Every structure is written in structure tokens, then in C-alpha cells.
Amino acid sequence: MASFNTSKQLKEEFVSNLTGSSFSKIWALLSIVPISMVLRHLTSSFRPIDCYDTDKSLKKDDDLIGAPKNLSAYFATLIVDFLFILIPMTLFFTILADWAYIGSFLGFMLFFATAAAKRFGSPPDLEHRIHSIRSFLTSYRVSTMLITCFCILAVDFRIFPRENAKTETYGTGLMDLGVGSFVFANAIVSRQARNIQSMNWKSALKSTGPLILLGFGRIVSTTGVDYQVHVGEYGVHWNFFFTLAAVSMLTSIINIRPKYCGILGSVILIGYQSWLIRGLNVYLLSTERGTDIISQNKEGIFSIFGYWGLYLVGVQLGHYIFFGNNSQSASRSNKAAFIKTWLLGILTGLLTLLLDRHIERVSRRMCNLAYVTWIASLNLQLIGGFMLTDYIPGSKISALEEAFNRNLLASFVLANIFTGLVNLTTDTLSTSTISAIFLLVGYTFCVSMIIGIADFYGIRLKFW
């Protein structure tokens, strides 16, 4: 039977045996996205007022750029958001990757200059509203989704630096942030973190059913079209959706109060790390596989311990930083959250350096302790970056961010479908630089517009 994917082996080799990049280079690249998003927030006050239904918008969310009255105005707003946010990411993640440090520095300078102009040059009647915690977390969660959606296709092109792709065994690449950031982002805004009564295991099974179906759907679709699969990532059959479902089920079965989640998570992580350095890491990193289901999917199955521990730690951090003290005023609460976020982000960063050098190097494949602290550090710093807008009057999150926020999982599924279609119809390894840029811009534009228009018409694809 003829294969739908004649370049399968070459594409699998293209993303294999990679060693990653440095901590600082990844930090510089990662900062490009929040800087672009925050700059869009700061320029929101320069929009044409008559294109927006301001009263309706303010009733819905005070931190949102006003919702347009008609589709054409909304479409124009989405295009401006796209130009501010997605174009810089596309360029710096590909052809300008070597300029990451300079781009990050210039971005920060532009941010501080724009912020200063708005803070000291604003008219007295421009109210300095205190932003809700929700707006910071919305921007943070959307930024991780945008990065993930872009990278899953960009990695198949030669213009995407190999150092930014997922590492084979140890090390850190930009794409290694993906699944860990998903788990962490879900944890800090979870029902447990907000101290809302959690679901029982029956309800959890029902809610994770769509994730399990998506996992099996991915197996069937990739097998059916002979799509390239890097077995060393999760295993032969395991995938990202199964990991999310497993973490959700475990958290629901063993349900404890948020202020104790970090303790349980730390015990799991330390125990798992001890198991790794006593020989489990050799087994997980070996290319040899047996015929049983566990051996076939050893990376995905055993890494659940790490991701579950990460989730539990994220729950306690979310509760401690954002949701644990509702008695304070919004201003004091935001200031305390800002300090806690950056302090914990720096401390977990230092802990990552110690673990990486003296215990075991960062490994996404195993989700070891150093990987967990690395994920926590970068994600906390990312949130802290968005919280800077609380000190600047007139900034509002973009319409594109709100659209993605309402359809996060749907946007990821849509991006996966487009990624598959592009790979099956295009020889990505032979594509020229210009063609690759146009394809990536077209891909991100299509995903953004579809998600935006779905939100405009009130379509919310929430599966659980």
C-alpha cells in the first residue's frame, strides 16, 4: 500500500537526536511573545472608538479591548492583533532566531518607553484601573497556546532552528516547554487552586472522556496516513492527550485541599527522582522496547509521575499566589501576587540550576525534578511579565487573546489538523525560506481567524 507520507523517515530523523539550547537563549526567545502581547495591550487606547461597542464590552470584561459592532470591524481588530503578536513570533522563532537576545532587549526597551509615555503622558481623566487576576492569567495561558500552535508546524521546516526543537534525552529546547506548560497552566487556574469542590472520579472520567477520545483519534489518524511519529517522545501509542487525561484522573481520585497539594506533589517528585537516579532513567532512555504495552509506551506512562507532581505543585502555587486571600483589596492583592510570582519564579530558577548540575540534567522525556522546576520557573516569570501591565494606565488585553482563551483546547486541535494537512501536502524539508515563512504566516493567520470568528458568533467548543 502506498504511503500518504513519502518523507516520513526523513521527517522523523529531522526531529531526532537533538540536544537543545541554553536556559538564557530560551528565556530570550520566550520573552518575545509576552512583550509583543503587552505592547498590543498598551496601544489598545489608540483604536478607532466608533468601531466598538464599549458599553457591552465593559459589562463583559473591563480588561478587554472593546468588542466590535460588526464582523468587518472585528476582523480588522483581529488582523491588528495578529500583526502585533504573531508576526514577531514567527520571525524571531525562525529566521531571526540568532537575534533573540537583541530582539528581547529592544523589545523591553520599547515596552518601557511606551509604558513611561502612557504612565506620565496620560490625561488626568484616564483612570488607572486595577486589572483583574483573570486578565493576567488569560494572557499567560493564551501565550503558551500560541507558542505551541506555532511550533508544532514550524519544527518541520528547516528555518526552525534545531536547538529549539524537543530534545532527545537531556537538555532544554523551546518546544520542551509545551506539555509541561499545559499542565502547569491548567493547574494554577484549576478548581482545586480556586478551592472549589473538586469532581469525584465518576465525573472526572466523564470530563476526561474527550481527551481520551482525542488520544485514540490521534493514534488512528497518524497510523491511517502513515504520519511521522517520534517514538522517543511518549512511546509507540502514547501521546499528549493521554498524559492530560491521566493527570486529571489521578488528581480527582486522590483529592486533597489545595494548601496540601504542594506537599503531596513534592513527595511524588522526590520519590520519582530517587527512582530515576537509581536506574529507572537508564530504562526510560534506552531504545530497546519489549512487546508489552508498558515497555512500548514507557516514556509516556512513567512520566505521568512527574506531570502529576507538577500539577499538584501548580495547584498550591495558584492557590497561594492568586486565590488564597480574597479579603485583600484588588490593589494590595495584585501587588502581593506580583511579588510572590517573581520571587518564586527566581527561586525555582535557581533550584533548576542546582538540580541540573548536581542531581540530574533537565529531561522532558522523563519529566524529572529539574524539568518540573524549570517549567515552574519560566511559567511564573511569564505570568510576572504580564502583571507589569497593572502599573500602566489604559492597557487592555486583545480580542485575539479572548478568542483563544474561550477555545484553548479547540485551537490546539485545529492547529494539529492544519499541521497534518500541511505535512501531507508539502515537502517541508525542501521548502525554501520564503515559502516556509509564507506557509507559517498563512497557517497562523488561518487558525487565528477561525478561532476569532468562532468567538464572534459565540461558538465555544468546551468538551468538558
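How many salt bridges does a search of the whole structure find? The search finds 10 of them, where a salt bridge means a side-chain nitrogen of Lys or Arg within 4 Å of a carboxyl oxygen of Asp or Glu. Before we visit a few, here is some background. This is a predicted model, in which local features need pLDDT of at least 70 and side-chain atom pairs count only at pLDDT 80 or more, while totals for chains, interfaces and linings use all residues. Residues are numbered from 1 along each chain as its sequence is written, and side-chain values use heavy atoms, with hydrogens and water left out.

Let's begin with aspartate 176 and arginine 364, which form a salt bridge whose closest N and O atoms are 2.6 Å apart. This pair links distant parts of the chain, 188 residues apart: aspartate 176 sits in the loop between H6 and helix H7 (177-188), and arginine 364 in the loop between helix H14 (330-358) and helix H15 (369-387). The helix names follow a simple rule: helices are DSSP runs of H or I with at least four residues, strands are runs of E with at least two, and both are numbered from the N terminus. Aspartate 176 and arginine 364 are both buried. Buried means under 20% relative accessible area, exposed means over 50%, and partly exposed lies in between, using a 1.4 Å probe and protein chains only.

Next door in the sequence to arginine 364 comes arginine 365, whose side chain meets that of glutamate 299 in a salt bridge (3.1 Å, N to O). Here too, distant parts of the chain are linked: glutamate 299 belongs to helix H13 (residues 298-323), arginine 365 to the loop between H14 and H15, and they are 66 residues apart. Both glutamate 299 and arginine 365 are buried.

Now follow the chain to arginine 406, which forms a salt bridge with aspartate 455, with 2.9 Å between the closest N and O atoms. Arginine 406 is in helix H16 (residues 399-406) and aspartate 455 in helix H18 (residues 433-456), so this pair also links distant parts of the chain, 49 residues apart. Salt bridges that share partners join Arg134, Glu402, Arg406 and Asp455 into one network. Why does arginine 406 count as buried? Because its relative accessible area is 17%. Aspartate 455 counts as buried as well, at 13% relative accessibility.

Let's turn to how helices lie beside each other. Two packed helices are described by the angle between their axes and the distance between the axes. The axes here are lines fitted to C-alpha atoms, for helices over the stretch in contact, and the angles run from 0 to 180 degrees between N-to-C directions. Helix H6 (residues 133-154) and helix H17 (residues 408-425) have axes that come within 9 Å and cross at roughly 10°. H6 and H17 are therefore roughly parallel to each other; angles under 35 degrees count as roughly parallel, over 145 as roughly antiparallel, 65 to 115 as roughly perpendicular and the rest as oblique. The axes of helix H2 (residues 23-42) and H15 come within 10 Å and cross at roughly 25°, so H2 and H15 are also roughly parallel to each other.

While we are at H15, look for alanine 370, which is found in this helix. Alanine 370 is buried, with a relative accessible area of 1%. Its C-alpha is 5.9 Å from that of aspartate 356, although the two are 14 residues apart in sequence.

The loops hold something to notice as well. Most residues other than glycine have a negative phi, and most peptide bonds are trans. Asparagine 17, however, has a positive phi of about 60° although it is not a glycine. Asparagine 17 lies in the loop between helix H1 (8-14) and H2, and at 62% relative accessibility it counts as exposed. Asparagine 195 also has a positive phi of about 60° without being a glycine. You will find asparagine 195 in the loop between H7 and helix H8 (201-224), where it is partly exposed, with a relative accessible area of 47%.

Finally, look at the surface around helix H5 (residues 100-121), where methionine 109 has its place. Methionine 109 is partly exposed, with a relative accessible area of 41%.
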